[in-house]
Amino acid sequence: MSQDVMELSAEEQDVFKTSAFLQELVKQVRAQDTYGTWEGKSDAVVLADFIVTKEQRKQMPIIGDPDPDVIWRIERFYNAVGLALERQTGLIAGPMIKIGHEGFGRLLMTTGRLVVISKTLRDVHRFGFETYVKLAEAGDKTIGEAIGWIEKHPDVARA
């Protein structure tokens, strides 16, 4: 298997085609590639660092300082959520992330005057998803919850 292409299950191939979130995440990561490192590589290879298997997670310490690459991935994840949310609602959504050196932090995403996502971040050094399908589900679920808040409070979201 080439480093540029990964073998994916049929379900994973489908999720790359159908998930608006994954498509936005790929755009986010590729946009940061100023040296052409990911040029010509498959979307699965570009997002490979977001996948953390159970075995890999077991090897990680319970408590640890977050690596700058992990923080970068968290920022890309939530930026992709915000941009996918913008595409679906037409409202500008922006994440605000604060992570301490111990790996704990806070994420807020607002649109207008409405907080559409409020999340405590814990153990960020272990951030990742078991499969591409779970990555897509997490992003799509987060977007769906944010859309629910916008639908519940449209005047505040548009303020």
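The following paragraphs describe the setting of D33, the packing of helices α2 and α6, and the position of E137. The model is predicted, so local features require pLDDT of at least 70 and side-chain atom pairs count only at pLDDT 80 or more, while totals for chains, interfaces and linings use all residues. Residues are numbered from 1 along each chain as its sequence is written, and side-chain values use heavy atoms, with hydrogens and water left out.

D33 lies in the loop between α2 (20-31) and α3 (43-46); helices are DSSP runs of H or I with at least four residues, numbered from the N terminus. D33 is buried (under 20% relative accessible area, 1.4 Å probe, protein chains only). It has no salt bridge, that is, no side-chain nitrogen of Lys or Arg within 4 Å of a carboxyl oxygen of Asp or Glu. The nearest side chain of opposite charge, R30, is 6.0 Å away. Polar atoms of the D33 side chain do, however, lie 2.8 Å from the backbone nitrogen of T37 and 2.7 Å from that of W38.

The helix preceding this loop, α2, packs against α6. Their axes, lines fitted to C-alpha atoms over the stretch in contact, come within 8 Å and cross at roughly 100°. This makes α2 roughly perpendicular to α6, a class covering angles of 65 to 115 degrees. The contact (heavy atoms within 4.5 Å) involves A20, F21, L22 and L25 of α2 and, among others, Y132, L135 and A136 of α6.

E137 also belongs to α6 (residues 132-152). Because its relative accessibility is 49%, E137 counts as partly exposed, the range between buried and exposed, the latter being over 50%. The C-alpha atoms of E137 and I63, 74 residues apart along the chain, are separated by 26 Å.

Notes. Helix = DSSP H or I, 4+ residues; strand = E, 2+ residues; numbered from the N terminus. Lys, Arg positive; Asp, Glu negative; His and termini not counted. Polar contact = N/O pair within 3.5 Å; in protein donor to acceptor, adjacent residues only side chain to side chain. Axes fitted to C-alpha atoms, helices over the stretch in contact; angles between N-to-C directions. Parallel < 35°, antiparallel > 145°, perpendicular 65-115°, else oblique.
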